[in-house]
Structure formats: C-alpha cells, structure tokens
Amino acid sequence: MDKEFITEIVGDKGFIKVDGDLDSEPQGEALRKAFNNVFDRGKRTIVLDLTGVQIINSYGIGKVLMCYKRLKAENGVLMVKPLNGFVKETFELLMLDKLLPVDEA
Amino acid sequence: MKTLTKIYELPTVQLASEGIKLDLLSDLVRAGKIDTLTMLRIELAVQEAVTNGVEHGNLGLLSEWKEEVGPDGMDRFSREKYERLKNPKFAQKRVRVSVEVDDTKIEISVHDEGEGFTIDRHKASVALESYGRGIAMIKANVDEVSFDDEGRLIRMVKRF
C-alpha cells in the first residue's frame with residue numbers, strides 16, 4: 001500500500017506532516033501526492049512539518065524544492081515548522097533556510 | 001587492528017530499488033569506534049555517492065531534467081529513470097563499493113561504469129541548483145573527498 005502523509009487545511013494554510021525520513025522514492029512520492037492534495041484545494045501557503053524527519057538526502061531536498069518552485073510560480077509560499085537536528089543542519093548547509101520561512105504558529 | 005576490507009559489486013537495477021546497506025558500520029558502532037550520529041553521516045555520504053553513481057553515472061540522467069516538471073508534478077528525471085531501469089543497456093551496469101577500515105579511519109570508494117563527468121570545483125553549491133547538492137552533502141559528512149577515473153570514482157574518508 002502506498003505511503004500517505006497527513007494533510008490539513010487551517011484557514012488559508014495547508015499543512016503536510018511528513019512521516020519518516022525523506023530519502024527514498026516512496027517517501028518522495030508520498031510528499032508529491034500530499035502536496036498535490038493541498039495545492040489542488042487552492043492553498044498557496046503550505047507548511048511542511050519535518051519535525052519527525054531524522055534523515056533527508058539530496059533526493060528529499062529535490063522534492064522539497066519542487067514544492068517550493070510550484071508555489072513560487074503562483075506567488076505562493078512554502079514554509080516549514082521549526083527544524084531541528086540533522087535536517088536543520090542540512091537546510092543551513094544548502095542555504096534552504098534562506099528560502100523557506102519558518103511557521104512558528 | 002588489521003585493515004578490514006569489504007567489496008560490494010551490485011547491478012544498477014538492484015541499487016536503484018534497494019540501495020546499499022553497509023553492515024560494517026553497525027559493527028563499528030558496537031565496537032565503540034564511531035557513534036550512531038557518525039554512522040548516519042557516513043551512511044548518508046555513501047548513499048549520495050551510490051545514488052550519483054547509479055543515476056548520473058550508469059543511467060546517464062541529467063540534473064537539469066529535475067527542473068522539467070509536467071502538469072502532474074512529475075519531472076522528466078523521474079520518468080527517464082523509470083524507463084532506463086527497464087533497459088538492460090543501463091540497468092545491468094554495475095557499481096562497485098569498497099570499504100576499508102583500520103585503526104584510524106574508514107575509507108569508502110564508489111565506482112560506476114558511466115560516461116564520467118567533470119566537477120566544477122569553483123561552482124558554489126546553491127540550494128536551487130540540483131547539480132552539486134549531493135556532492136555538497138557528501139563533503140559535509142566525511143573528512144576527505146576525492147575523484148578519479150574522470151569522475152566515475154569517488155573516495156571518501158572519515159577519520160575516527
């Protein structure tokens with residue numbers, strides 16, 4: 001059975017809770033589907049919750065950036081919940097922290 | 001401690017679906033040579049190197065194809081990868097991973113059978129460019145990185 005991430009709409013924001021590491025095709029595909037789910041419901045501010053992610057590799061980064069670009073093309077915003085650990089370090093290494101604002105709410 | 005050497009030689013199609021698991025790393029954690037976080041870092045670096053060898057090396061996929069996204073959100077890179085993994089011309093190429101461990105370090109080499117590539121050493125790793133991201137992540141997680149055989153071979157060293 002394909003993996004599915006939990007999505008939620010709160011006001012004008014869509015939320016995606018990433019379950020597990022972002023380092024493989026099944027996980028990348030789950031993110032793509034969850035993103036499409038929220039995007040196709042008209043949300044242009046989307047928040048990724050990566051607090052449960054321990055490892056993210058370049059494949060996972062690529063999938064996050066794909067979400068960023070699709071939103072940017074429609075003047076939308078991709079945000080992240082406050083990051084920690086290895087994921088935070090990786091985002092800072094690749095300067096993703098400059099691209100993706102943090103949703104502190 | 002004597003030098004321990006282990007060599008894995010796996011076909012592209014197997015690596016693309018299963019990745020590679022280096023049992024030696026868990027042994028090093030149990031022996032107290034490295035901690036769990038270091039093991040994860042080395043695993044990540046190896047995974048990036050193997051992925052590069054599989055995708056850019058043996059399958060000949062270009063990074064810029066990741067930017068060509070269709071209306072369904074799927075990019076050309078993913079589509080081409082799916083097709084080439086069904087083609088024996090690409091799928092049966094192999095990747096050789098060799099691991100050497102001694103008292104002071106672990107050295108891992110990943111060698112693919114692709115066309116080779118040139119690393120632009122002066123190109124900054126910028127988040128939006130898929131080129132260089134994997135290499136940046138490798139360099140961030142091991143102590144030394146070097147390339148040989150026209151880019152088909154990457155050597156990584158992590159010191160204890």
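Trainee: What makes you trust chain B of this predicted model?

Mentor: Start with the score: chain B averages a pLDDT of 87, and 91% of the residues score at least 70. Since pLDDT is the predictor's own confidence, running from 0 to 100, those values speak for the predictor's confidence in chain B.

Trainee: And where does pLDDT stay under 50 in chain B?

Mentor: Over residues 121-128 of chain B. For that run the model has 20 contacts beyond four places in sequence.

Trainee: What does the model score for ipTM and pTM?

Mentor: ipTM comes to 0.72 and pTM to 0.81.

Trainee: On to chain A. How do you know whether its radius of gyration agrees with a compact globule?

Mentor: Set it against the rule: 105 residues would give a compact globule a radius of gyration near 13 Å, and chain A has 12 Å, so the two agree. Its C-alpha atoms fill a box of roughly 35 × 30 × 25 Å along the principal axes.

Trainee: What share of chain A counts as buried?

Mentor: Buried means under 20% relative accessible area, and 50% of the 105 residues of chain A count as buried. As for the surface, chain A exposes about 5,000 Å², with carbon and sulfur atoms supplying 51% of it.

Trainee: Which elements make up chain A, and in what order?

Mentor: There are 3 helices and 4 strands, running β-β-α-β-α-β-α from the N terminus. Look at contacts between residues at least 6 apart in the sequence of chain A: 69% of them join residues at least 24 apart.

Trainee: How far apart are the mean positions of the charges in chain A?

Mentor: 5 Å, for 15 positive and 17 negative charges.

How values were computed. Residues numbered from 1 in each chain as written. Chains lettered and ligands numbered in written order. Predicted model: local features only at pLDDT ≥ 70, side-chain atom pairs only at ≥ 80, totals over all residues. Heavy atoms only, no water. Helix = DSSP H or I, 4+ residues; strand = E, 2+ residues; numbered from the N terminus. Rg over C-alpha atoms; globule rule 2.2 N^0.38 Å. Buried < 20%, exposed > 50% of the residue type's maximum accessible area, 1.4 Å probe, protein only. Contact = heavy atoms within 4.5 Å. Areas by Shrake-Rupley, 256 points an atom, 1.4 Å probe, with all protein chains shown as cover. Lys, Arg positive; Asp, Glu negative; His and termini not counted. Charge placed at Lys NZ, Arg CZ, Asp CG, Glu CD.
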